[in-house]
Amino acid sequence: MEIVSFAGWQRNARITCGDAEMLVTLDVGPRVISYGFSGRENLMAVHEATAGKVGGDKFISYGGHRLWIAPEEDPRTFQPDNEAVDYALYGDWHVFSASPDQFHLKKEFRIRADQSRGCFEMVHRIYNLGAYPVELAPWTPTQFATGGECIFPQPRFIPHSEKVLPARPLVLWHYTNMSDPRWTWGEHVVRLKWMDMPPTKCGALIEEGYVAFHLRGTTHLRRFSLQEGVPYPDFNCNFETFTRHDMLEVETLGPMQPVAPGSYVEHQETWYLLENEPPPQDDTACAEWLRDMAESRPL
């Protein structure tokens with residue numbers, strides 16, 4: 001690990017895994033603010049108006065990958081992460097910790113580069129340092145750069161005569177227009193493309209545990225888990241995707257759960273980066289492309 005400057009922030013931890021790298025800010029956060037192949041395009045959005053800023057008592061949308069609290073409610077979700085973070089190395093794990101917020105909740109990233117599998121293991125923790133239990137879900141939104149597309153699987157097709165119960169929730173927001181040209185509601189996959197348009201969003205419960213984001217020849221595959229028999233936020237979503245004029249967001253969520261004083265909740269993801277594997281336009285071929293990519297790259 002080395003410390004480098006980036007986008008106006010002077011102290012950023014550079015972690016590499018083969019040809020891939022991520023930069024984690026030490027000046028604010030914790031945030032992963034850059035992610036991609038070394039020396040090439042940053043897949044993440046970094047907002048020019050706020051790049052390099054530090055301090056302040058309001059939440060700032062710097063871009064990149066952050067840890068939030070679900071369900072979304074102000075002020076608990078929108079706590080500022082504008083101060084420097086603590087860094088420590090425990091074995092292979094790089095640990096980035098923020099100071100407790102006004103609700104006595106402390107956010108932490110634990111990141112390990114698994115060289116043998118070619119991936120970054122991401123563990124997100126929220127500690128309850130208060131005197132009373134709280135209920136929450138860890139939520140990990142990632143703002144990706146403009147021009148890309150998010151792809152996630154539809155449930156496996158089963159004829160009506162064989163299965164009559166529903167397969168999964170598909171959750172819409174008040175500003176979601178299903179005829180919006182950015183959405184493709186395929187038989188096997190759903191696709192959300194970035195366009196310079198107002199916000200749109202949807203959520204789902206993804207049992208398969210994988211989604212992809214593709215941008216100009218580079219594909220990010222994200223693996224995440226589903227815990228059976230426990231409630232998730234937002235009408236039972238463990239995945240959400242959102243876009244607006246300046247970014248496209250890929251979000252995964254842990255289940256709603258009580259957190260006792262002195263305890264924490266944890267949400268794990270595994271990140272893979274692939275080159276020159278563009279998603280096919282055909283719906284069936286795209287589903288096979290996504291499934292084959294995921295099956296050989298486990299959580």
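**Backbone oddities in the loops and a helix**

At 52% relative accessibility, Arg 216 counts as exposed, because the cut-off for that label is over 50%. This comes from a predicted model, so the angles and areas here are computed ones. Arg 216 also has a backbone twist worth a look: its phi is near 45°, which is a positive value in a residue that isn't glycine. As for its whereabouts, Arg 216 sits in the loop that runs between strand 17 (210-215) and strand 18 (218-224).

Asn 236 has a positive phi as well, with a value near 80°, and it too is a residue other than glycine. The setting of Asn 236 is helix 1, which covers residues 233-236. How much of Asn 236 is open to the outside? Its relative accessible area is 27%, so Asn 236 goes down as partly exposed, the label for anything between the buried limit of under 20% and the exposed limit of over 50%.

Next come the peptide bonds that turn up in the cis form. One of them links Gly 29 to Pro 30, and its omega is near 15°. To find Pro 30, look at the loop between strand 3 (20-25) and strand 4 (32-37). Further along the chain, Asp 74 and Pro 75 are also joined by a cis peptide bond, with omega at about 15°. Pro 75 has its place in a loop too, the one between strand 6 (68-70) and strand 7 (86-90).

Note on methods
Residues numbered from 1 in each chain as written. Predicted model: local features only at pLDDT ≥ 70, side-chain atom pairs only at ≥ 80, totals over all residues. Heavy atoms only, no water. Helix = DSSP H or I, 4+ residues; strand = E, 2+ residues; numbered from the N terminus. Buried < 20%, exposed > 50% of the residue type's maximum accessible area, 1.4 Å probe, protein only.
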